[in-house]
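Welcome! Here is a short, friendly briefing to read alongside the sequence and the 3D view.

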Amino acid sequence: MPAKSKQELLTVTHAEFEKLQTVLNELPAMLRLEKDDEDTSPKDIVGHRAHWIQLFLGWYQDGQAGREVHFPAKGYKWNELKRYNADLRQNQAGLSWQAARSLLDTGHAELVALIESLSEEELYGGAMKGANNNWTPGRWAEAAGPSHYRSAGKYLRQRSRAFKAARPETAA
């Protein structure tokens with residue numbers, strides 16, 4: 001159930017980020033760069049989540065400034081997310097595990113700072129400017145942060161369990 005207040009949003013954002021951090025800290029080192037059947041590594045997942053926080057922050061800033069908001073990004077439509085995400089993986093191919101983690105940490109801090117800087121009314125009083133839908137900035141922030149943290153944690157726990165089951169001698 002989506003958060004309905006600034007405090008709920010901050011609580012879920014911090015809680016889901018901490019859960020994800022635990023998963024990331026416990027992820028076997030040998031798994032961090034290993035690609036799955038869809039050519040995606042845990043590092044790619046971390047970089048993806050960090051990137052989408054930045055997308056949201058850009059959407060919010062552009063909407064507030066009265067600029068055109070490109071959803072999900074300039075040159076892409078929502079039905080082209082598979083292509084967008086593949087292009088993102090290619091653009092982030094040179095990222096190290098630590099660089100991806102650093103981007104996520106920075107993005108999380110920026111997301112929390114934005115949430116903390118906005119009033120209840122600014123977060124939940126109406127649709128986000130430029131979004132062309134009825135989602136509030138708070139709902140968009142939740143989608144970019146805690147919802148993405150939760151899905152990443154679930155995926156990475158599954159990958160870690162499968163990795164450890166297949167290679168118990170190297171899982172530590």
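## Getting started

W78 is partly exposed, with 40% relative accessible area. Please keep in mind that this is a predicted model. The points below begin with the aromatic rings, then move to the charged pairs, the nonpolar core and two buried helix residues.

**Aromatic rings**

- There are 13 aromatic pairs in the structure.
- One of them joins W59 and W78 in an edge-to-face arrangement, with 6.0 Å from centre to centre and 70° between the planes.
- W59 belongs to helix α2 (residues 42-64), whereas W78 sits in the loop between α2 and α3 (81-91), so this pair ties together parts that are 19 residues apart in sequence.
- The partly exposed W78 has a relative accessible area of 40%, while W59 counts as buried at 5% relative accessibility.
- Y76 and Y84 also pair: their ring centres are 4.6 Å apart and their planes stand at 85°, so this pair is edge-to-face.
- Y76 is buried with a relative accessible area of 18%, and Y84 is buried too, at 8% relative accessibility.
- Which residues form one aromatic cluster? The members are W52, W59, F71, Y76, W78, Y84, W135 and W140.
- A charged side chain joins the scene at W135: R139 lies over the face of this ring, 4.4 Å from the ring centre.

**Salt bridges**

- Side chains of opposite charge can pair when their charged atoms come close.
- The structure holds eight salt bridges.
- One of these links D44 and K35, whose side chains meet at 2.8 Å, N to O.
- D44 is buried, with a relative accessible area of 4%, whereas K35 is partly exposed at 41% relative accessibility.
- Salt bridges with shared partners join E16, K19 and R150 into one network.
- Within this network, the side chains of K19 and E16 form a salt bridge of 3.5 Å, N to O.
- Both K19 and E16 lie in helix α1 (residues 6-26), three residues apart, which is about one turn of the helix.
- K19 is partly exposed at 48% relative accessibility, but E16 counts as buried at 10%.
- E16 also meets R150 in a salt bridge, at 3.4 Å, N to O.
- R150 is in helix α7 (residues 146-166) and E16 is in helix α1, so this pair ties together parts that are 134 residues apart in sequence.
- Buried or partly exposed: what is R150? R150 is partly exposed, with a relative accessible area of 37%.

**The largest nonpolar core**

- The largest nonpolar core has 45 residues, of which L9, F56, W59, L104 and M128 touch the most other members.
- Helices α1, α2, α3, α4 (97-117), α5 (120-124), α6 (137-144) and α7 each supply at least two residues of this core.
- Which helix gives the most to this core? That is α2, with ten residues.
- M128 is a good residue to click on: leaving aside its neighbours within four places in sequence, M128 is in contact with F56, W59, Y60, F71, W135, T136, P137 and W140.
- W59, W135 and W140, among these contacts of M128, are also among the members of the aromatic cluster described above.

**Two buried residues to look up**

- L24 is found in helix α1 and counts as buried, at 0% relative accessibility.
- The C-alpha atoms of L24 and R101 are 8.6 Å apart, although the two residues are separated by 77 residues along the chain.
- Beyond its neighbours within four places in sequence, L24 is in contact with R32, V46, W97, R101, L104 and L156.
- One of those contacts of L24, L104, is among the core residues that touch the most other members.
- S160 lies in helix α7 and is buried, at 9% relative accessibility.
- With its neighbours within four places in sequence left aside, S160 is in contact with L27, P28 and L31.

Notes. Residues numbered from 1 in each chain as written. Predicted model: local features only at pLDDT ≥ 70, side-chain atom pairs only at ≥ 80, totals over all residues. Heavy atoms only, no water. Phe/Tyr/Trp six-rings, centres within 6.5 Å; stacked < 30°, edge-to-face > 60°. Helix = DSSP H or I, 4+ residues; strand = E, 2+ residues; numbered from the N terminus. Buried < 20%, exposed > 50% of the residue type's maximum accessible area, 1.4 Å probe, protein only. Lys NZ or Arg CZ within 6 Å of the ring centre and 35° of its normal. Salt bridge = Lys/Arg side-chain N within 4 Å of Asp/Glu carboxyl O. Core = buried A, V, L, I, M, F, W, Y, C linked by side-chain atoms within 4.5 Å. Contact = heavy atoms within 4.5 Å.
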